[in-house]
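Trainee: I have a model open and would like to learn how to read it from the inside out. Could you walk me through it?

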Amino acid sequence: MNIANNKLSEQFLSNSKKVTHRFGYELAPKLSVPSIISFDGELGAGKSVLIRGILEGLGVKEIIPSPTFTIVNEYRVSYPIYHFDLYRINTPFELYEIGFEDYIYGNGISLIEWGAKALNLLPSNYLKISIEIRDKNKRLITVH
């Protein structure tokens with residue numbers, strides 16, 4: 001995977017939550033600061049599992065809850081990491097109210113579940129990860 005050269009389009013088939021988590025963990029050191037990563041896939045696809053792997057791979061040691069009700073959780077390593085869950089966002093105005101652009105255009109890493117809800121606010125050079133449910137345990141992870 002070559003994230004640094006922006007020539008990335010890769011697919012990975014996961015057959016368990018553990019493998020999805022490990023994929024995120026192994027992706028983490030390849031990210032640079034600042035980075036914006038959008039995650040999309042239906043409910044239960046494994047977005048949060050993948051993001052937990054990334055957060056742990058970036059050195060986050062604390063418990064990692066889903067930010068579904070808080071919209072954003074912030075973690076600090078040597079830089080800030082923002083984990084957004086936009087599932088409950090209905091309009092882009094709600095993102096303006098929380099200062100979304102200040103987060104994503106700052107000097108940190110932004111991990112955005114349901115990122116398609118913020119497409120008009122994202123720069124052109126963000127990383128997109130889509131997760132497709134293939135069956136009960138299999139997920140196709142596509143990195144663009």
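**Reading a predicted fold**

Mentor: Happy to. Keep in mind that this is a predicted model. Let's begin with one residue: Ile81 touches Leu55, Leu58, Val60, Asn73, Glu74, Tyr75, Ile109 and Leu111, leaving aside residues up to four places away in sequence.

Trainee: Which residues have the most contacts inside the largest nonpolar core?

Mentor: The general idea comes first: in soluble globular proteins, nonpolar side chains tend to be buried together. Here the largest nonpolar core has 24 residues, and Ile81, Leu111 and Ile129 have the most contacts inside it. Two or more residues each come from α1 (17–27), β2 (35–40), α2 (47–57), β5 (109–113), β6 (127–133) and β7 (139–143). The largest share, four residues, is supplied by α2. There is also a second, separate core of 15 residues, with Val72, Leu95, Ile104 and Ile112 among them.

Trainee: Is α2 mostly covered or mostly open?

Mentor: To judge a helix, count how many of its residues fall under 20% relative accessible area. In α2, eight of the 11 residues are buried, so the helix is mostly covered. The buried ones are Lys47, Ser48, Val49, Leu50, Ile51, Gly53, Ile54 and Leu55. Lys47 and Ser48 are on that list too, alongside Val49 and Leu50.

Trainee: What covers the buried residues of α2?

Mentor: The cover includes α1, β2, β3 (72–76), β4 (80–85), β5 and β6. While you are there, look just past the helix: α2 is followed by Gly59, which has a positive phi, near 105 degrees.

Trainee: How do I step back to the whole chain? How many helices and strands are there?

Mentor: Start with the order of elements, then turn to global numbers. The chain has four helices and seven strands, and from the N terminus they run β-α-β-α-β-β-α-α-β-β-β. Its radius of gyration is 14 Å, close to the 15 Å from the globule rule for 144 residues, so the chain is as compact as a globular protein of that length. Along the principal axes, the C-alpha atoms fill a box of roughly 40 × 30 × 30 Å.

Trainee: What do contacts and surface add to that picture?

Mentor: Sequence separation shows which contacts link distant parts of a chain. Among contacts between residues at least 6 apart in sequence, 60% join residues at least 24 apart. Burial is another view: 49% of the 144 residues count as buried. The chain exposes about 7900 Å², with carbon and sulfur atoms supplying 49% of that area. For charges, the mean positions of the 16 positive and 15 negative ones are 9 Å apart.

Trainee: Is Asn107 buried or exposed?

Mentor: Compare its relative accessible area with the cut-off, which for exposed is over 50%. Asn107 has 55%, so it is exposed. This residue is in the loop between α4 (100–104) and β5. Its contacts, again leaving aside residues up to four places away in sequence, are Val33, Pro34, Tyr79 and Pro80. Asn107 and Arg139 are 32 residues apart in sequence and 31 Å apart in space, C-alpha to C-alpha.

Trainee: And where is Glu94?

Mentor: Glu94 is in helix α3 (residues 92–97). With a relative accessible area of 23%, Glu94 is partly exposed. Beyond residues up to four places away in sequence, Glu94 touches Arg88 and Ile89.

Note on methods. Residues are numbered from 1 along each chain as its sequence is written. This is a predicted model: local features need pLDDT of at least 70, side-chain atom pairs count only at pLDDT 80 or more; totals for chains, interfaces and linings use all residues. Side-chain values use heavy atoms; hydrogens and water are left out. A nonpolar core is a set of buried Ala, Val, Leu, Ile, Met, Phe, Trp, Tyr and Cys residues joined through side-chain atoms within 4.5 Å. Buried means under 20% relative accessible area, exposed over 50%, partly exposed in between (1.4 Å probe, protein chains only). Contact means heavy atoms within 4.5 Å. The radius of gyration is taken over C-alpha atoms; the globule rule is 2.2 Å times the number of residues to the power 0.38. Accessible areas come from the Shrake-Rupley method with a 1.4 Å probe; for residues, only the protein chains shown count as cover. Lys and Arg count as positive and Asp and Glu as negative; His and the chain ends are not counted. The place of a charge is taken as NZ of Lys, CZ of Arg, CG of Asp or CD of Glu.
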